[in-house]
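Let's walk through this fold together, starting with one helix and working outwards. Keep the picture open while you read.

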Amino acid sequence: MDKLNENTREKHPVKLGEINLTPIVIALLVGFIIVAIFVILRRRSASRRDFLLTGLSEAGKSAIFMQLVHGKYPETFTSIKENVGEYRSGNVSGRLVDIPGHYRVRDKCFELYKRNAKGIIFVVDSVTVQKDIRDVADTLYTVLADSATQPCSVLILCNKQDLTTAKSSQVIKTLLEKELNTVRDTRSRKLQSVGDDEVNKPIILGKPGRDFEFAHISQNVQFFESSAKDTELNNLTGWIDRML
């Protein structure tokens, strides 16, 4: 016992200068960086609370807006400026923005709201989509290739399903993928002919050397069917509610 006590007394206290603080400092720095990234992402997410209704004219965007915000269906309603309203679901809400479909005002309005968009609802007229497929695909490509929309979830809403000549969402998806492939090739050739502008260089959608597929792009794109006239909007409201 005396020897044990003697050995204990002979132990020297550890000096602070002898401790290797490097692992501790590194751990603190890593923790700080993780917290900082988390805070930044939360702030960015919080700043995006808009849901944009966009697409060509006469697709039914304003009718959908009126149903979701005011609970009524307008007999005639053509937007020449954006409509903004609050969509509420229980105790949560988000801002719904109806972007006019006419090309003269559509791009300008979309530019104003795109950086606050959490979700984009691209409304398609399921009856006339095959006839207007070039314009529909060209407009959709512009939305998807915009750098500001890369964090957004995208819903392609195939509206007017109450009409007997309406195309199904699966048919519309196939039509769009085929036409978007053509739009992408056309725009790629234009970029090569004018040279690359690294500052404002648009995003080329899909995988190089592969036919265009929605599964190949960064945004989460879903297809649902709807009818604003018959108030068949459950798929749409469910999609919005999951992001609120």
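Look for the buried residues of helix H3: Lys 61, Ser 62, Ala 63, Ile 64, Phe 65, Met 66, Gln 67 and Leu 68. "Buried" here means under 20% relative accessible area, with exposed being over 50% and partly exposed in between (1.4 Å probe, protein chains only). H3 is mostly covered, with 8 of its 10 residues buried. Helices (H or I, at least four residues) and strands (E, at least two) are DSSP runs, numbered from the N terminus.

A quick word on where this comes from: the model is predicted, so local features need pLDDT of at least 70 and side-chain atom pairs count only at pLDDT 80 or more, while totals for chains, interfaces and linings use all residues. Residues are numbered from 1 along each chain as its sequence is written, and side-chain values use heavy atoms, leaving out hydrogens and water.

What covers the buried residues of H3? The cover includes S1, S2, S3, S4, S5 and helix H7 (234–241); contact means heavy atoms within 4.5 Å. Just after H3 comes Gly 71, which takes a positive phi of about 70°.

**The sheet**

Strands of a sheet pair through backbone hydrogen bonds, either parallel or antiparallel. Here you'll find an open sheet of 6 strands in the order S2-S3-S1-S4-S5-S6, and its pairing is mixed. Strand S2 (83–89) and strand S6 (220–225) are at the edges with a single partner strand each, so one side of each has no neighbour in the sheet. On average, neighbouring strands of this sheet are turned by 25° against each other, direction ignored. Helix H3 (residues 61–70) packs on this sheet, touching S1, S2, strand S3 (92–98), S4 and strand S5 (153–159), and the direction of H3 makes about 45° with that of S2. Axes are lines fitted to C-alpha atoms (for helices, over the stretch in contact), and angles run from 0 to 180 degrees between N-to-C directions.

Now zoom in on S1. Because 6 of the 6 residues of S1 are buried, S1 is largely enclosed by the rest of the structure. In a regular strand the side chains alternate between the two faces of the sheet. Both faces of S1 are covered: Asp 50, Leu 52 and Thr 54 are buried on one side, and Phe 51, Leu 53 and Gly 55 on the other.

Strand S1 (residues 50–55) pairs with strand S4 (residues 117–125) in the parallel sense over 6 bridges, and S1 also runs parallel to S3, joined by 4 bridges. Two strands count as paired if DSSP finds at least two bridges between them. Here are some residue partners across those pairings:

| Residue in S1 | Partner |
|---|---|
| Leu 52 | Ile 120 in S4 |
| Leu 53 | Asp 98 in S3 |
| Gly 55 | Val 123 in S4 |

**The whole chain**

How many helices and strands does the chain have? The count is 7 helices and 6 strands, running α-α-β-α-β-β-α-β-α-β-α-β-α from the N terminus on. Of the 244 residues in the chain, 39% are buried. Among the contacts in the chain with a separation of 6 or more, 74% are between residues 24 or more positions apart.
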